[in-house]
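Colleague: I'm new to this one. Could you walk me through the terms as we go?

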Amino acid sequence: MTTTVEPLPRETSVPGQTGSAAFDVLRVPLLGRFLRWRWSRVTLQVPVLLLSLVMIGHAFWGPQLAPKNLAALLTWVHFRGLVVLAILVGGNLFCMACPFMLPRELARRWINPRWEWPRGLRNKWLSIGLFVFVLFAYELFDLWGDPWWTGVLIVVYFAAAVVVDSLFRRASFCKYVCPVGQFNFLSSTMAPLELAVRDHGICVGCHTKDCIRGRRPLATGSEGTPDSARLPVLQRGCELALFQPRKVGNLDCTFCFDCVYACPHDNVGILTRLPGDELSQGGTRSGIGRISRRFDFTALATVFTFGALLNAFAMISPVYAVEQWVAEITGLRVEWPILAGLFSLALILEPTILLGAAAAVTRGLAGAPASVLQIINHFARSLVPLGFGIWLAHYGFHFFTGFLTVVPVAQNAALRSFGSPILGDPQWHFGGLPEAIVFPIELGFLMLGLVGSWIVSWSLAGELAPERTGSAFTPWAVLHALLFGVAVWIMTQPMDMRGTMLGG
Amino acid sequence: MRCVSHLATCVSWLIVCAAVATAGCSPPTSTAPGVQVDLTVAPSPPVVGDADVTLTLKDANGSPLADAVVSLEGNMNHAGMKPSFAELHEGEPGRYAGKLEFTMGGDWFILVTAKTSDGQIVERKIDVPGVQAE
């Protein structure tokens, strides 16, 4: 990963252009002061790390019954639900408090990574593969019901973060490997907050570019000179190659606050913005390039959205009927090839047909002077709001219906560990909201996603075919409505979680 | 640097404490391995709603174990669901019956706890796969 600091474009030199009217969380008394503090991120990470250690301990040495195990419960119910809800109301708060980064930071005190991330892997393909692998393993090995393997997954995650970032410079793990990170990056395009420059005019006059280069001690009189470049970094700049004045939105932003800590002009804030607006913005983005020219982002948005449907579909009865039917006609008696077939159908064949058809119709109706693939790349972003809505509905269902179950599980863990009810006797009647209340919330999330996808695709249609916006918009609106309908149908089905597919 | 070293030390201790806390102090439970426990659920296959549950308890010689206090706890195999509880009542000696609610379709397991008249605690986990949603 190389970072070049280019001159700012003329239009960004207008003082106060960005964020002048936006609310800035960093201006909030106490909270803003805390967040600007150099150790604020670590302060948020430590409790999550401690919780992760408890989860690992309970995964391996606690009861191997998922409903009574903190690792299974917190990973598959609370963590997933809180991640998407936090993004909905704030931003990428999980990456901000990511516990996997603390051991990595410790390791980097002793290990200085030598290599740049391989050029051929500077894209999203590896992380897309890992994202699909996690979804596949989740279904195949019934991870939701297996505390031990859930613990293994958490430990492997810690190890992978340490190993990758001990070998490779900057935040290679976050940017190119972490599947949770990619999920959060895409989801946080729908967040109402972003780390952004307060006043671009100040950036125009800035010569040190600490937000990307980092801050080093003075060497031969001025910062940023060749001599000072060899000195140790006092405060690093963005490790994900996002140069603040050219950064657009939340893609690839881990909310690590390095830019906030590094900026000598206190010119980076947490600003409010219109959720999803960044999806309709064209142009080149720092550290990313043009999204419309990156097929890996198209694939990521596609897997994100169709994976949401697949992950939810796997929770209801019809999936077992489908799998049983496939097993009968093929004679297969093992699950993985059938599951692999379903994944291929849902994540490759179905999107190829649907997106290809929508793009072909768009080309025909709007007369857009672009290839089908170019049109797909142009509109793929519009899937993200709906995909996020489906994840919200799915994970929100589990969280809202079961958020209080952590109380008796924690009480039981304390009782079994210490032999006395130090947290009280387990209150097993604690659950969550009734499904009758949660269902309208799910529908609301899905409808928000649909409206978001329509707004983004309208904007993208206008960019592609200014004279025939409606014609370019219609095929994608129909596609979104179709996916919305499927999602609503899935959410109306009674949940049916089985660990055994064939004959189960 | 000193701060980081302290943090590393704290983390190491916490790993040890977490392992000890979650493993080392669990009280042993007797599961009376010689006792035979048979559970039947009706309807079969089970469906969402109240199910009729019948449990027979026999000692190692096959003789019915009467006058036991039997309770059931039904859980789904995934986290985030409230368990269902049932107390079973003895009809004929060694045969206990009651109702247990399956609140959702999917794989369940039932934790059986029986305290026999001679004070033995019998614990079993019995899988009930494929409770049908409708």
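Modeller: Sure. Domain bounds come from an automatic or database domain assignment. On that basis chain A is divided into domain 1 (14-280) and domain 2 (292-492), and 24 Å separate their centres, taken over C-alpha atoms. This is a predicted model, where local features need pLDDT of at least 70, side-chain atom pairs count only at pLDDT 80 or more, and totals for chains, interfaces and linings use all residues. Residues are numbered from 1 along each chain as its sequence is written, while chains are lettered from A and ligands numbered from 1 in the order in which they are written.

Colleague: What makes β2 of chain A largely enclosed by the rest of the structure?

Modeller: A residue is buried if 20 or more other C-beta atoms, placed from the backbone, lie within 10 Å of its own (exposed: 12 or fewer; partly exposed: in between). Four of the five residues of β2 (268-272) of chain A are buried, so the strand is largely enclosed. Strands here are DSSP E runs of at least two residues, and helices are H or I runs of at least four, numbered from the N terminus.

Colleague: Why do we say that β1 of chain A and β2(A) pair?

Modeller: Pairing takes at least two DSSP bridges between two strands. β1 (residues 193-197) of chain A and β2(A) have five, in the antiparallel sense, so they count as a pair. In β2(A), A:Leu271 is the bridge partner of A:Glu194.

Colleague: Which residues of domain 1 and domain 2 of chain A, and how many, take part in the contact?

Modeller: Contact means C-beta atoms, placed from the backbone, within 7 Å. Domain 1 of chain A gives 33 residues and domain 2 of chain A gives 39. On the domain 1 side, α3(A) supplies the largest share, 11 residues.

Terms used
Contact = placed C-beta atoms within 7 Å.
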